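The following paragraphs explain a protein structure step by step. Please keep the sequence and the three-dimensional view at hand while reading.

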Amino acid sequence: MSATIIDGKAFAAVVRAQVATQVAAAKAATGQVPGLAVVLVGEDPASQVYVRNKNRQTVEVGMNSFEHKLAAETAEADLLALIAQLNADPAVDGILVQLPLPAHMNAEAVINAIDSAKDVDGFHIDNVGKLVTGQKAMVPCTPLGCLMLLRDTLGTLEGRDAVVIGRSNIVGKPMANLLLRDGCTVTVAHSRTANLPDVVRRADIVVAAVGRPEMVKGDWIKPGAVVIDVGINRVQPAGAEKAKLVGDCDFDSCAAVAGAITPVPGGVGPMTIACLLANTLTAFCRRHALPEPE
Ligand code: NDP
């Protein structure tokens, strides 16, 4: 293996420590601390784990955490009423509605009901538009975390060829826009892309956000490229008792060729919550006209 392993777990701990320091300073300046409200509808086990981790880490950096658990059969109107209440609550700076929502709800309508200034997930249409047009936006947490890791690894991203595999609204598209904003030449690949390995071979930066275990192989990677693996896939290895987590990249073969690579777990994953906390602090600072964190 020749690649440097990008330690997202350690980097996320640094981000959280910076947020904690800034929360303390914000408290000294205003007498208040940022508050994050997390809304979970239903009992999806993975979502329950995410929400628990979010609440714990929110409290650890000194912010207030408000957890709202609603039954799976909750009417959309009741969820919208809760969102209206949180929009109006001065103690709440950030609102996150955990996705996926139950099938009877219109996720787009729910997300767009959140006050865009409190939309710490960055999925509200106003924030999407602002990101695309280069205005000050709330930026989705997972791509923001990837960008931080890339800047830390490479310094400036200007002039680099970047290939993002995946075009979802929560990862692929915002990632492509962030890379474009930083001066990369960006290709967005997806399930209809022809000759994907050849497309990926051009890239100085590869961001894989596909949801297919170990799909990207080492012989797709340009020697020295930086590989950011967003994928979180639970697989059951033959003969093994326990399932394990793997990314969208075949780690061993990619690490043999890449200059740097994120592992799964311990790469992008921990950055997502760290960025959520950073976004909540940013929302608080904007509301209180304090200088924004970097
Ligand atoms: P989606 O399923 O919404 O999107 C997957 C994308 O991959 C689609 O654009 C799809 O193309 C593309 N795709 C699927 N198959 C192929 C293929 N064979 N070749 C090329 N492209 C393909 O997933 P998400 O964006 O929500 O998530 C992607 C991965 O990231 C998942 O593993 C998820 O668990 C993980 N994730 C991790 C997070 C973290 O905190 N680390 C946070 C969010 C997600 P098309 O549009 O044409 O269908």
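Pro-265 is a convenient place to begin: it is located in the loop between strand 11 (260–261) and helix 10. The peptide bond that leads from Val-264 into Pro-265 is cis, with omega near 0°. Most peptide bonds are trans. A second cis bond is found between Leu-99 and Pro-100, where omega is about 0°. Pro-100 belongs to the loop between strand 4 and helix 4 (107–113). The model described here is a predicted one.

The overall division of the chain may be considered next. The domain assignment gives domain 1 (32–117) and domain 2 (141–270). Between the centres of the two domains, taken over C-alpha atoms, the distance is 28 Å. UniProt also records two domain features, both from an unreviewed entry. One of them, "Tetrahydrofolate dehydrogenase/cyclohydrolase catalytic", is placed at residues 6–121. Over residues 6–121 the chain is 51% helix and 16% strand, and the C-alpha atoms at the two ends are 24 Å apart. The other, "Tetrahydrofolate dehydrogenase/cyclohydrolase NAD(P)-binding", covers residues 140–286. Over residues 140–286 the chain is 36% helix and 18% strand, with 17 Å between the end C-alpha atoms.

Strand 4 (residues 94–97) merits attention. Which residues of this strand are buried on its two faces? Gly-94 and Leu-96 are buried on one side, and Ile-95 and Val-97 are buried on the other, so that both faces are covered. Strand 4 pairs with strand 2 (residues 35–41) in the parallel sense, over four bridges. One position of this pairing can be followed in the view: Val-39 has Val-97 of strand 4 as its bridge partner. Strands of a sheet pair through backbone hydrogen bonds, either parallel or antiparallel.

A further sheet can then be traced. This open sheet has six strands in the order 1-11-8-7-5-6, and its pairing is parallel. Its edges are formed by strand 1 (4–5) and strand 6 (185–189), each of which pairs on one side only. Within the sheet, strand 7 (residues 205–208) and strand 8 run parallel and are joined by four bridges. Ile-205, for example, has Val-226 in strand 8 as its bridge partner.

Helix 10 (residues 269–287) contains Ala-283. Is Ala-283 buried or exposed? Ala-283 counts as buried because it has 24 C-beta neighbours inside 10 Å, and the threshold for this class is 20 or more. Its contacts, leaving aside residues up to four places away in sequence, are Asp-93, Gly-94, Ala-117, Lys-118 and Val-120. Although Ala-283 and Leu-96 are 187 residues apart along the chain, their C-alpha atoms are separated by 13 Å.

Attention may now turn to the ligand. The ligand is surrounded by 25 residues, and the closest are Gly-166, Ser-168, Ser-191, Gly-211 and Thr-272. By class, this shell consists of ten nonpolar, twelve polar and three charged residues.

The unreviewed UniProt entry also places a "binding site" feature at Gly-166, Arg-167, Ser-168 and Ile-232. Arg-167 lies in the loop between strand 5 (161–165) and helix 7 (172–181). Arg-167 is partly exposed because 17 other C-beta atoms lie within 10 Å. Beyond four places in sequence, Arg-167 touches Gly-172, Lys-173, Val-188 and His-190. Ile-232 is situated in the loop between strand 8 (226–229) and strand 9 (233–235). With 18 C-beta neighbours inside 10 Å, Ile-232 likewise counts as partly exposed. Its contacts, counted with the same exclusion, are Leu-245, Val-264 and Gly-269.

Two loop residues remain, and they concern the backbone angle phi. Most residues other than glycine have a negative phi. Asn-195, in the loop between strand 6 and helix 8 (196–201), has a positive phi near 50°. Glu-214, in the loop between strand 7 and strand 8, has a positive phi near 55°. Which of the two classes, buried or exposed, applies to each residue? Asn-195 counts as exposed because it has 9 C-beta neighbours inside 10 Å, whereas Glu-214 counts as buried because it has 20.

Key
Residues numbered from 1 in each chain as written. Predicted model: local features only at pLDDT ≥ 70, side-chain atom pairs only at ≥ 80, totals over all residues. Near = placed C-beta within 6 Å. Nonpolar A, V, L, I, M, F, W, Y, C, P; charged D, E, K, R; others polar. Domains from an automatic or database assignment. Buried ≥ 20, exposed ≤ 12 C-beta atoms within 10 Å, placed from the backbone. Pairing = 2+ DSSP bridges. UniProt positions renumbered as here; feature names shortened; annotations may be inferred. Contact = placed C-beta atoms within 7 Å.
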